[in-house]
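Work through the exercises below with the sequence and the model open. Each task is followed by a solution in steps.

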2 protein chains.
Amino acid sequence: MEENEPKMLNYKGTKYPCCASLTMGLIGGKWKTVILYHLMHDTLRYSELRKTMPTVTERTLSLQLKALEEDGLIKRKVYTSKPPLKVEYSLTDFGKTLIPLIQSIADWGDYVVENYSDA
Amino acid sequence: MEENEPKMLNYKGTKYPCCASLTMGLIGGKWKTVILYHLMHDTLRYSELRKTMPTVTERTLSLQLKALEEDGLIKRKVYTSKPPLKVEYSLTDFGKTLIPLIQSIADWGDYVVENYSDA
DNA sequence: CGGGATCCCACTAGATACTG
DNA sequence: CAGTATCTAGTGGGATCCCG
């Protein structure tokens, strides 16, 4: 039998050409890792997340949170039904499997800053 | 004293709000990690890289290779000056510091495929 | 307070054709 | 062989306004 197809990987309906790109598909983008990085330490409210990421816009934060939720990495808990809403975000069990990776990503970033930064 | 500025990190003239995003700025995007993943095992020629990534276009591969080179992660060696060109890409010493991270990214992707894939 | 709706721009990446 | 040129589509992300 022949296999010309590059045998794509599949997750949540999206196909990836290799295991590395699957990971990047889930945590890639400008903000997802930053969100995960902060949620890795604590459960946080929307407004708390915003404070840790002062340069993100509300819309973008919402979209990224939604994407992470759809990929099953974080969960969203609503505590009130009346206008002073309280929503908390935290990692799911699946999301927690990412912790060592996120930590490595952060560590390498630190390493670069210490050793190669042109700041 | 007060420190209102979110104290940005700096690398190669680009600023990042946190160490995790710095890393993602260097290895993020749809193809960079895939390239690094393949170069982590071997030095490869342009055409060999293409074979390992059948779905990327030539233009995109060129751009990503150039970006990785500019960030100092890979190096480009030209072996001929006449038309049958031979160019090899490999990791720099700096790029090699990423190997454990790339491996972790690939490993997590594999883990997801094995345990959560809907393929 | 926690977003959703809308509009817009810049950048990423694809398709195809061509060149040193 | 290893790219570049051009043209285009898709998407990430910003700004602003609005709503429960």
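**Exercise 1: DNA strand D**

A phosphate oxygen of DNA strand D has a polar side-chain atom of B:Tyr89 at 2.6 Å. The model is predicted: local features need pLDDT of at least 70, side-chain atom pairs count only at pLDDT 80 or more, and totals for chains, interfaces and linings use all residues. Residues are numbered from 1 along each chain as its sequence is written, chains are lettered from A and ligands numbered from 1 in the order in which they are written, and side-chain values use heavy atoms, with hydrogens and water left out.

Task: find which residues come nearest to DNA strand D, and describe the surface around the strand.

Solution.
1. A residue is near a strand if one of its heavy atoms lies within 4 Å of it. By this cut-off 22 residues are around DNA strand D, and A:Lys30, A:Arg59, B:Glu58, B:Arg76 and B:Tyr89 come nearest.
2. Look at the polar contacts, that is, pairs of N or O atoms within 3.5 Å. A:Lys30 uses a backbone N or O atom, 2.5 Å from a phosphate oxygen of DNA strand D. B:Glu58 has a side-chain N or O atom 2.6 Å from a base nitrogen of that strand.
3. Sort the strand atoms within 4 Å of the protein: 60% belong to sugar or phosphate, the rest to bases.
4. Assign the elements, where helices (H or I, at least four residues) and strands (E, at least two) are DSSP runs numbered from the N terminus. H4 of chain A and, in chain B, helix H3 (46-52), H4 and strand E5 (87-91) each supply at least two residues. H4(B) gives the most, with four residues.

**Exercise 2: DNA strand C**

Task: state which residues are closest to DNA strand C and which polar contacts they and others make.

Solution.
1. DNA strand C is surrounded by 22 residues, the closest being A:Arg45, A:Arg76, B:Lys30, B:Arg59 and B:Gln64.
2. The side chain of A:Arg76 places an N or O atom 2.3 Å from a phosphate oxygen of DNA strand C. For the side chain of A:Tyr89 the distance to a phosphate oxygen is 2.9 Å. A:Leu85 contributes a polar backbone atom, 3.1 Å from a sugar or linking oxygen.
3. Two or more residues each come from helix H3 (46-52), helix H4 (58-70) and strand E5 (87-91) of chain A, and from helix H4 (58-70) of chain B. The most, four residues, come from H4(A).
4. Of the atoms of DNA strand C within 4 Å of the protein, 62% are sugar or phosphate atoms and the rest base atoms.

**Exercise 3: The two protein chains**

Task: how are chain A and chain B related, and what does their contact bury?

Solution.
1. Superpose the copies by least squares on the C-alpha atoms of residues with pLDDT of at least 70 in both. A rotation of 180° with 0.0 Å of shift along its axis brings chain A onto chain B, with RMSD 0.1 Å. The two copies are therefore related as by a two-fold rotation axis.
2. The C-alpha of chain A nearest the axis belongs to A:Gly28, 3.0 Å from it.
3. Count the contact residues (heavy atoms within 4.5 Å). Chain A gives 43 residues and chain B gives 43 residues.
4. Buried area is the accessible area (1.4 Å probe) that two parts lose on being put together, summed over both. For chain A and chain B this is about 3500 Å², with 78% from carbon and sulfur atoms. In chain A, the most area is lost by A:Cys19, A:Met24 and A:Trp108, together 20% of what that side buries.

How values were computed. Polar contact = N/O pair within 3.5 Å; in protein donor to acceptor, adjacent residues only side chain to side chain.
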